[in-house]
Amino acid sequence: MPTRVMTMEQPTIGDAFGDMIRDAYAVRTGIGPRPLAGGRLPRPVIEVIERDDGLINGAPADHYLDEPAAWQPHDHRALRLCRGHVLDIGVGAGRIALELQRRGMAVTGLDTSPGAIEVARKRGLRDTVLSTVDGYARATARYDTFLLLGNNLGLLEGPERAPAFLAALARLANPGARIIAQGADPYGTKDPVHVGYHQRNRARGRLGGQLRLRLRYRMVASDWFDYLNCSVDELAGLLDGTGWRLKSVDRKDHPYYLAVMEQDH
């Protein structure tokens with residue numbers, strides 16, 4: 001008899017992050033359609049991240065909606081460093097930006113996810129931009145603080161992308177502007193899966209913690225993208241020649257760190 005080959009359907013490419021955030025918001029608030037388990041009970045919303053070596057990680061998505069009482073200590077310390085007009089890059093559901101707005105600060109939330117921007121606005125964030133950093137760099141707005149929190153230092157992607165990303169921020173910067181970024185040093189792990197991935201990356205000419213990922217949620221996946229976990233020394237190297245310099249590093253929550261970058265004079 002001929003062998004039957006089962007084929008697996010591929011996910012639709014779309015706004016997986018936005019779909020996930022919409023459902024997480026609906027589950028938390030009880031407002032709007034939400035995924036159900038057993039046809040009746042709300043199903044936990046899980047963020048699934050797929051790495052290009054086949055590793056799958058999952059975690060509850062509800063943390064994107066956390067109020068300040070549930071934040072990590074470095075988030076609170078980061079907010080104390082903000083000044084002037086703030087651009088929250090990768091604003092997501094507005095976790096950080098909403099708190100700045102409550103404190104009376106001028107803050108704009110930027111994201112590439114239509115669903116995330118929709119939820120941030122539903123939660124009360126007044127000033128939002130649906131755009132990439134590069135696209136928004138053509139705007140006339142100017143900022144004093146750029147936030148890359150929630151591990152969003154990763155948006156630098158790697159050595160190829162970082163100069164263009166930082167140049168876009170420079171075009172949006174007022175004199176004396178700063179970047180406040182939360183990153184994670186990936187090299188303290190002894191997990192052979194991660195150590196092997198770092199070695200594989202270096203053999204391919206990439207930084208060890210330069211991740212290649214896609215987000216999966218239900219039937220939708222994002223496109224593949226690079227996301228950077230790097231050491232402080234690697235970050236300093238990425239800043240060379242960009243017009244930005246590393247001013248200070250807060251390592252109190254190692255392996256997580258807060259890096260403050262300012263423009264060269």
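Is strand E9 (residues 143-148) mostly covered or mostly uncovered? In this predicted model, E9 is mostly covered, with five of its six residues buried.

**Strand E9 and its partners**

E9 pairs with two strands that are described here in turn. Strand E6 (residues 86-89) runs parallel to E9, and the pairing spans three bridges. Within this pair, Leu 87 stands opposite Phe 146 of E9. Strand E10 (residues 173-184) also pairs with E9 in the parallel sense, here over five bridges. In that pairing Leu 148 faces Ala 181 of E10. To get from E9 to E10, the chain passes through helix H6 (residues 162-171), and this β-α-β crossover is right-handed.

An unreviewed UniProt entry places the feature "domain: Methyltransferase" at residues 86-176. Over residues 86-176 the chain is 34% helix and 24% strand. The C-alpha atoms at the two ends of this stretch are 13 Å apart.

**Nonpolar cores**

In soluble globular proteins, nonpolar side chains tend to be buried together. In this model the largest nonpolar core has 33 residues. Those with the most contacts inside this core are Ile 89, Phe 146, Ile 179, Leu 235, Trp 244 and Met 261. Several elements give two or more residues to the core, among them E6, E9, E10, helix H8 (232-239) and strand E15 (256-263). The largest share, five residues, comes from H6.

Leu 235 shows what such packing involves. Leaving aside residues up to four places away in sequence, Leu 235 touches Leu 153, Leu 156, Cys 230, Leu 246, Tyr 257, Ala 259 and Met 261. There is also a second, separate core of 18 residues, which includes Leu 79, Ile 96, Leu 98 and Val 107.

**Backbone details in the loops**

Two residues other than glycine have a positive phi, and they are listed below.

| Residue | Phi | Loop | Relative accessibility |
|---|---|---|---|
| Asn 151 | about 65° | between E9 and H6 | 17% |
| Glu 157 | near 70° | between E9 and H6 | 27% |

Asn 151 counts as buried because its relative accessibility, 17%, is under 20%. Glu 157, at 27%, counts as partly exposed.

Where does Pro 255 lie? Pro 255 is in the loop between strand E14 (244-250) and E15. The peptide bond that joins His 254 to Pro 255 is cis, with omega near 10°.

Technical notes. Residues are numbered from 1 along each chain as its sequence is written. This is a predicted model: local features need pLDDT of at least 70, side-chain atom pairs count only at pLDDT 80 or more; totals for chains, interfaces and linings use all residues. Side-chain values use heavy atoms; hydrogens and water are left out. Buried means under 20% relative accessible area, exposed over 50%, partly exposed in between (1.4 Å probe, protein chains only). Helices (H or I, at least four residues) and strands (E, at least two) are DSSP runs, numbered from the N terminus. Two strands pair if DSSP finds at least two bridges between them. A crossover is right-handed if, with the strands pointing away from the viewer, the path from the first strand over the helix to the second runs clockwise. UniProt positions are given in the numbering used here, feature names are shortened, and annotations may be inferred rather than shown by experiment. A nonpolar core is a set of buried Ala, Val, Leu, Ile, Met, Phe, Trp, Tyr and Cys residues joined through side-chain atoms within 4.5 Å. Contact means heavy atoms within 4.5 Å.
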